[in-house]
Amino acid sequence: MKRDPNSQSYTDKYLRKLLSLSVDLIIFMRNFKVHEIAEVIYDEEIDDVAYNILFEFEVDRYENGKSIGRFVKVNDPIGKSKEKIELLSSHKLPIDEEGLKEAIFAHGEKVKFSSDYHLIADSDIVFICVNTPEKNNWDVDTSYIDSSIEEAFKYMKAQSILVIKSTVPVGFTKNISLLAGNLNISVVFMPEFLRQGNAYLDSINPSRIVIGVEDEKSKNTMEELFKNFTCPKLYTDFSSAELSKYASNNFLATKISFINQIANFANEVNANIDDVKKIMELDPRIGQGSLNPGLGFGGGCFVKDTKALYYQSEKVNAPISLIKEVINQNEKQKYLLLEELSNLYFGLENLKDNKILFVGYSFKGNSSDIRNSIALDNLKILSRFTNNITLYDPLVKDKIKGYEVIDDLKEGITNSDVIMIFTERFEINDIDRTCFQNKTVLDGRNILSKDIIPHLKYYFSVGRGKVKKF
Ligand code: UDX
């Protein structure tokens, strides 16, 4: 059951812990490129929950829909980095995550934001949480983390611990630990399993804590640091911890591609995927989660982590071919609605006189992040055929150049001929049924209320069966 972050006991429990924080926390940002180093000074009584909020979560995930890394690099490196520090210092976050803002800024002066590497010189533990994007050849681009670590090593004191939180290729931490050994610094690898939109809740209530550690002293320190967490804690070697992150994300991605293929089949044989899914989920061996059919996975994690795992496995001649199929299937699934639209109109070029509304254009329903947005990939293609496209997504702040973005969904639906649902914008079900009269709805997330369907001219979903009415 989803926790209610506003409930008294929940807020009390965690805010009390946050406010009792007895150490300095510093989010450290480098001036050039965009590396962020989060650092915690570990002395007496550390509050695990409070620091975990900061370090489990990659604060630099995105700003205006772009990776801050790329943004800063392309534009004015020093200026932008400063801008972000100023933003954080004035108690604003560049991202929307329920509960995160209140949690971080509850510390007052104990949380500082800086780009000065000297600040880590006295620290016992330094966390690295930088982005590790993909390269064109599917390899992991470790340039941000490489240079952040290189820089951190210049300042870290002997006997301190470097904790890597970024998703890194299997074997990376071992190599870093060899370098660190020369400086008498220990290394730990701790993958994070946060979902965007739920990042704060996931970080204070994790399903498990994984600690890749290969020396006893650091293991004891980590044990102490996480002692307040009641979830399972797993201590393992570096490579297993690194692989556990890839294996988890790739398995979830596999579930998504699997259910999508089942859903596509269900459409053809008039089975109802909603029921099929429910029945599957009741088997505890299958479990819930990542079984919602749709237009495939987008966002900043699954897309890059599937490619990264396949690349790494192929490199050592143990290719995980199943993942290659998951990636291929995902690419096809993205354009399912366009394919249907093209069939309906005998070619996308015949759409010119029709007004099209995109409902949702972030990468998933409860996020404002537009990285790897499936809707925007579709927009790129559809805009070659028509400019008659309007966008709706109240969460996304980014406007898309050349397109009208509307706030009023009811008006948008009334004025459109074709409505394409890309993310879970459930408010569509609150709209007056008469507005749907004679509309074509292509529901890429299977969210439309069943009682709306009879009003439509045509309804297409991902496995709920096709409903035609001409
Ligand atoms: C994911 C993992 O869930 C998280 O554990 C990891 O740390 C980071 O990657 P995130 O990318 O934030 O988190 O989102 P998630 O909710 O998993 O969705 C990823 C993509 O898959 C989205 O595009 C979403 O729309 C799609 N999805 C998700 C489905 O199509 N069906 C589902 O059932 C779930």
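These legends go with a set of close-up views of a predicted model.

**View 1. The whole protein, before zooming in.** The predicted chain folds into 16 helices and 15 strands. Of its 470 residues, 56% are buried. Its accessible surface comes to about 20900 Å², and carbon and sulfur atoms account for 51% of that area. Take the contacts between residues at least 6 apart in sequence: 68% of them join residues at least 24 apart.

**View 2. The ligand and the residues around it.** There are 19 residues around the ligand, and the ones that come nearest are Leu194, Gln196, Asn292, Gly298 and Lys364. Sorted by class, this shell holds eight nonpolar, six polar and five charged residues. Which helix gives the largest share of the shell? That would be H10, with three residues.

**View 3. Polar atoms close up on the ligand.** Two of the pairs here use the protein backbone, and another uses a side chain. At Asn292, a polar backbone atom sits 2.7 Å from an oxygen atom of the ligand. Gly298 also brings in a polar backbone atom, this time 2.9 Å from a ligand oxygen. Lys364 uses its side chain instead, with a polar atom 2.9 Å from an oxygen of the ligand. On its own the ligand has 660 Å² of accessible area, and the protein covers 91% of it.

**View 4. Helix H11 and its two sides.** H11 runs over residues 273-281, and its buried residues are Ile273, Asp274, Lys277, Met280 and Glu281. Why do they end up on the same side of H11? Because they cover an arc of only 130° around the axis. Turn to the other side of H11 and you find Lys278 and Ile279, both exposed. Helix H10, residues 238-269, is included in what covers the buried residues of H11.

**View 5. The start of H11.** Look at Asn272 here: one of its side-chain oxygens reaches to within 2.9 Å of the backbone nitrogen of Asp274. That same Asp274 is one of the buried residues of the helix.

**View 6. Asn270, in the loop between H10 and H11.** The loop that links these two helices is where Asn270 has its place. Is Asn270 buried or exposed? With a relative accessible area of 64%, it is exposed, since the cut-off for that is over 50%. Along the chain, Asn270 and Lys466 are 196 residues apart, yet in space their C-alpha atoms are 7.7 Å apart.

**View 7. Asn264 on helix H10, and what it touches.** Asn264 is a residue of H10, the helix that also gives the ligand shell its largest share. Its relative accessibility is 22%, so Asn264 counts as partly exposed; buried would need a value under 20%. Which residues does Asn264 contact once its neighbours within four places in sequence are left aside? They are Gln329, Gln333, Leu336 and Val462.

**View 8. The Asn264 and Gln333 pair.** Zooming in on one of those contacts, the side chains of Asn264 and Gln333 are joined by a polar contact of 2.9 Å. The two residues are 69 places apart along the chain, and their C-alpha atoms are separated by 9.1 Å.

Note on methods. Residues are numbered from 1 along each chain as its sequence is written. This is a predicted model: local features need pLDDT of at least 70, side-chain atom pairs count only at pLDDT 80 or more; totals for chains, interfaces and linings use all residues. Side-chain values use heavy atoms; hydrogens and water are left out. Buried means under 20% relative accessible area, exposed over 50%, partly exposed in between (1.4 Å probe, protein chains only). Helices (H or I, at least four residues) and strands (E, at least two) are DSSP runs, numbered from the N terminus. The arc is that of the directions from the helix axis to the C-beta atoms. Contact means heavy atoms within 4.5 Å. A polar contact is a pair of N or O atoms within 3.5 Å; within protein, one must be able to donate a hydrogen and the other to accept it, and residues adjacent in sequence count only if both atoms are side-chain atoms. A residue is near a molecule or strand if one of its heavy atoms lies within 4 Å of it. Accessible areas come from the Shrake-Rupley method with a 1.4 Å probe; for residues, only the protein chains shown count as cover. Ala, Val, Leu, Ile, Met, Phe, Trp, Tyr, Cys and Pro count as nonpolar, Asp, Glu, Lys and Arg as charged, and the others, Gly among them, as polar.
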